[in-house]
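Here are some notes to read alongside the structure. Keep the 3D view open and click on each residue as it comes up.

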Amino acid sequence: MYQSIRLLARRGLPRRGLTRPGLASAAAALALACAGTAWAAQDTGAWPTRPITWVVGWPPGGSADSVTRVLAKHLGERLGQSVVVENRPGASGAIGLNRAATAEPDGYTVALVPGPVITNTRMPEIGKELTAVTELARGPMVLVGTTARDMPKDVKSLFAAVKAMPDRYDYTSSGNGTSQHLTGELIKQQAGLQMTHIPYKGGSQAALDIISGQVPLGVLGITSILPHVQAGKMRAYAVTTAKRSASLPDTPTLAESVLPGFDASQWFVMAVPKGVPADRVQRLNATLGEILKLPDVKAAFAAVGVDPSSASPEDTARFVIEDQARWRDLAVKRALPLN
């Protein structure tokens, strides 16, 4: 943690017998002390005094990037410093999280942590290398199907068809170990279905192959599928959260239609490197809590299919750790292939 450098003792200079080398040494020591005092004053003063970098481990244009850019604009305005979004995609977000976790713990580097994501690649975690600031948003995933094939018209009929002819119904997601893949496997487990998972490197590519009919089904985020559903190129069978999505109000939940109690969401959290001063974490938390209540933020989030959600740093950390553990247990029990 950043700590102020303090001058612990004053050293007086002898009045007599001071040699020229001794005088030089004393001057150097005094200069160093003054520099340290100036640094300490700067560190304990107003924050922030320069731009903040917000690292996103995913490409521009997706849900993670969209959520970040909406919030970064407002955060910069309220803190009086620009907040620069830095995309560092790759390795299921690990590249971006490593970039953030190894930054100076001064509050000038923050990270977007999306989840749940379970991989074989070791990456920085909240509660270890990262400190949670606040939850930002939660949203459903959607079980969708192609309209390029003759497909069942509703989710009950779909599940009956999959049980009768499992070889006909592969499903896709945005990649192994992502929230969409994990949710697809939970659906299979609870519904007693047999479907082969076809991983893609991103939801947009997966959506295109569903539209063409190359893959009949998918579990994807709303951002990737909403315009295609609205255009009639996909059928939205069900959303995965306990309540319906405002973006797809006519689409039932899995819980109300075929799987009572089913609830799975993707979420977005802000984190900082471990060691950032608590007052800076709290200021970020409080400021973002205010921003998440703004009508234009709610509208922008609705466009990408997520709802604003905030929590204390402690509650955010507890939720992330518990949710990751829940999905890791599923991945292990089902021996899922992970990146």
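1. Let's start at the tail end. Ala335 sits in the segment that follows helix H11 (313-333). Before you look any further, a word of caution: this is a predicted model, and everything below should be read that way.

2. Stay with Ala335 for a moment. Is Ala335 buried or exposed? Its relative accessible area is 63%, and the cut-off for exposed is over 50%, so Ala335 is exposed. Its backbone deserves a look too: phi is positive, about 50°, although Ala335 is not a glycine.

3. Now zoom out to the whole chain. It has 339 residues, of which 51% count as buried. Eleven helices and ten strands make up its list of elements. About 16200 Å² of the protein chain is exposed, with carbon and sulfur atoms supplying 54% of that area.

4. How does the sequence fold back on itself? Take the contacts between residues at least 6 apart in sequence: 77% of them join residues at least 24 apart. Ala148 and Met234 show what a long separation along the chain can look like in space: they are 86 residues apart in sequence, yet their C-alpha atoms are 8.3 Å apart.

5. While you're at Ala148, find the loop between strand E4 (130-146) and helix H4 (155-164), which is where this residue lies. Once residues up to four places away in sequence are set aside, Ala148 touches Ile211, Ser212 and Gly213. Its relative accessibility is 49%, so Ala148 counts as partly exposed; the class above begins over 50%.

6. For a contrasting case, try Thr253, in the loop between strand E8 (234-239) and helix H8 (254-257). Why does Thr253 count as buried? Because its relative accessibility is 1%, and buried means under 20%. Leaving out neighbours within four places in sequence, Thr253 is in contact with Ala238, Val239, Thr241, Ala242, Lys243 and Arg244. Lys243 is ten residues from Thr253 along the chain, and 6.5 Å separates their C-alpha atoms.

7. Next, two peptide bonds to check. Which residues does a cis peptide bond join in the loop regions? One such bond links Trp47 to Pro48, with omega about 0°; Pro48 is in the loop between helix H1 (20-43) and strand E1 (52-56). Another cis bond links Gly115 to Pro116, again with omega about 0°, and Pro116 is in the loop between E3 and E4.

8. Now for the largest pocket, which holds about 820 Å³ of space. It is lined by 36 residues, and the closest to its centre are Trp58, Pro59, Ser174, Gly202 and Gly203. Several elements each give two or more residues to this lining, including helix H2 (63-79), strand E3 (109-115), helix H5 (179-191) and strand E9 (265-273). Helix H6 (203-212) and helix H7 (222-230) are also among them.

9. What is the lining of the largest pocket like by class? There are 22 polar residues, twelve nonpolar and two charged. Glycine is counted with the polar residues here, which is worth remembering when you meet Gly202 and Gly203 close to the centre.

10. Last point: where does the largest pocket lie? Domain 1 (52-139 + 265-334) and domain 2 (140-239) both give residues to its lining, so the largest pocket lies between them. Try colouring the two domains separately and look for the pocket between them.

Definitions and conventions
Residues are numbered from 1 along each chain as its sequence is written. This is a predicted model: local features need pLDDT of at least 70, side-chain atom pairs count only at pLDDT 80 or more; totals for chains, interfaces and linings use all residues. Side-chain values use heavy atoms; hydrogens and water are left out. On a 1 Å grid over the protein atoms alone, a cavity is a set of points where a 1.4 Å probe fits but cannot get out, and a pocket is an open set with protein on both sides within 12 Å along at least five of seven lines; lining residues have an atom within 4 Å of a point. Grid points are joined across faces, edges and corners, and a volume is the space filled by probe spheres set on the points. Helices (H or I, at least four residues) and strands (E, at least two) are DSSP runs, numbered from the N terminus. Domain bounds come from an automatic or database domain assignment. Buried means under 20% relative accessible area, exposed over 50%, partly exposed in between (1.4 Å probe, protein chains only). Contact means heavy atoms within 4.5 Å. Accessible areas come from the Shrake-Rupley method with a 1.4 Å probe; for residues, only the protein chains shown count as cover.
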